[in-house]
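Biologist: I should be grateful for a close look at a single part of this model, namely the way its helices pack. Please set out the geometry first and the residues afterwards, and state the cut-offs behind each term.

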Amino acid sequence: MHHIQQLAANILLRVESGTNLTEALAEAQRKAPDLSPSERGALQDLSYGSLRHLARLRFYLRQLVAKPLPEPVLERVLIVAFYQLLHTRAAEYAVVNEAVTLAGRLAKGNFKGLVNGVLRNFLRQRAALERAAEKDLEASFNHPLWWVKGLQRAYPDAWRAILDADNSHPPMTLRVNRRHGDAAAYLERLRAAGLDGEALDGGSIKLARPVNVRELPGFADGDVSVQDWGAQQAAHWLDLRAGQRVLDACAAPGGKTGHILESADVSVTALDIDEQRLQRVADNLERIGATARLHVADAGQPDGWWDGQPFDRILADVPCSASGVARRHPDIKWLRRPGDFAALGVQQAAIADALWPLLASGGKMLYATCSIFPEENQQQLDSFLNRHADAACLKQEQLLPCERHDGFYYALLEKH
């Protein structure tokens, strides 16, 4: 049996030092190639779960151990163990024993007794600790304090609902390939396969429970793709018509690119600055039987890739904080800093400004983010309109994370 606790603790440590969770998890699995499928599942659950509840778990740690321990991984072992005791079916004695055994191997075993004592105190004082956590803004909402306060300012009525949604498990939503069939017919196929879901508008289906894509009928044939309902709105907003030239400026991993190509007979140029990420676009398009011109390129530097032919539609899905998809990537809450918005804002404005001259007169550009912070959305739109007299905003919408979808922002701009 591998020490899944230690692997999870190491992943926490890597994320807290700046590595994203996907990379840290892949790295841990590479170093332990003989993990069984159930151990891999457990490691994923402990990593995601500990990060989803990190503020509260840290709060418990500081209540029980006033000063940081000299061996950082030991603190993370305790945090993972708290998560196991609160949120998994693991037997209490097994969780405590594994943590104590681990402590025996770390820091010359000096903290074995401390770890045992802390976990037993946690079990004894659990109800009182949970009551205390409710009074602490960061711990009760499991988000950094600056994030909570930012949402309170931006959404005085909705901030609690946003944070609750962020702490929930995300829905698994499908996009039915309209070239292969419709949502009603695909729902029948799902039910025949023993799966269930509900049709949302626009050819979407929300599954009753997440499944492996291999279980989805026709997935390998491109009949259906996994894509959040909020992300699916991009292709609808673009108002596509046959024969148009479309630019998808920051395309990876290619969900929106594929949806554009399923929606209308258009020619698409798709860019991404990262070659490996662009390969994912290619793979996704191949699965659905669609083609686009793909370029490894910087959307903000058109001189390097643009052929001088104007585009009828541009999707500017700009780099952002990804604050709207934090429930899918709980590490985002702990990797972001309040100062990030200034740098992201500069990048967002630079890309939008660089793309605008590439748009044909009468054409439309969709500015899109998966963020819920106004600094990246409404404020970016306002300053863009101030800089470009030939731009008009036809419509904009801030989608907030909820049971149905993640958080996204869209602003549709028309060129006079």
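**Helix packing**

Modeller: Helix 6 and helix 7 form a right-handed crossing, a term for the case in which the near helix is turned clockwise from the far one by less than a right angle, whereas an anticlockwise turn is called left-handed. This is a predicted model, in which local features need pLDDT of at least 70 and side-chain atom pairs count only at pLDDT 80 or more, while totals for chains, interfaces and linings use all residues. Residues are numbered from 1 along each chain as its sequence is written, and side-chain values use heavy atoms, with hydrogens and water left out.

Two packed helices are described by the angle between their axes and the distance between the axes. Helix 6 spans residues 92–105 and helix 7 residues 112–134; helices here are DSSP runs (H or I, at least four residues) numbered from the N terminus. Their axes come within 8 Å and cross at roughly 155°. Such axes are lines fitted to C-alpha atoms over the stretch in contact, with angles from 0 to 180 degrees between N-to-C directions. Helix 6 and helix 7 are therefore roughly antiparallel to each other, since angles over 145 degrees count as roughly antiparallel, under 35 as roughly parallel, 65 to 115 as roughly perpendicular and the rest as oblique.

From helix 6, the residues Glu92, Val96, Ala99, Val100, Ala103 and Gly104 meet Lys112, Val115, Asn116, Leu119, Arg120 and Leu123 of helix 7, where contact means heavy atoms within 4.5 Å. By class, the residues of this contact comprise 7 nonpolar, 2 polar and 3 charged. The nonpolar class holds Ala, Val, Leu, Ile, Met, Phe, Trp, Tyr, Cys and Pro, the charged class Asp, Glu, Lys and Arg, and the polar class the others, Gly among them.

Helix 7 also packs with helix 5 (residues 72–87), the axes coming within 11 Å and crossing at roughly 50°. Helix 5 and helix 7 are therefore oblique to each other, and their crossing is right-handed. Helix 5 contributes Leu74, Leu78, Ala81, Phe82, Leu85 and Leu86, which meet Val115, Val118, Leu119, Phe122, Leu123, Arg126 and Glu130 in helix 7. The classes in this contact are 11 nonpolar, no polar and 2 charged residues. Val115, Leu119 and Leu123 of helix 7 thus appear in the contact with helix 6 and also in the contact with helix 5.

A further pair is made by helix 1 (residues 4–16) and helix 3 (residues 37–52), whose axes come within 9 Å and cross at roughly 40°. Helix 1 and helix 3 are therefore oblique to each other, and helix 1 passes helix 3 in a right-handed crossing. On the side of helix 1, Ile4, Leu7, Ala8, Ile11, Leu12 and Val15 take part, meeting Glu39, Ala42, Leu43, Leu46, Ser47, Ser50 and Leu51 in helix 3. This contact holds 10 nonpolar, 2 polar and 1 charged residues.

To review the angles, helix 6 crosses helix 7 at roughly 155°, helix 5 crosses helix 7 at roughly 50°, and helix 1 crosses helix 3 at roughly 40°.

Terms used:
Helices (H or I, at least four residues) and strands (E, at least two) are DSSP runs, numbered from the N terminus.
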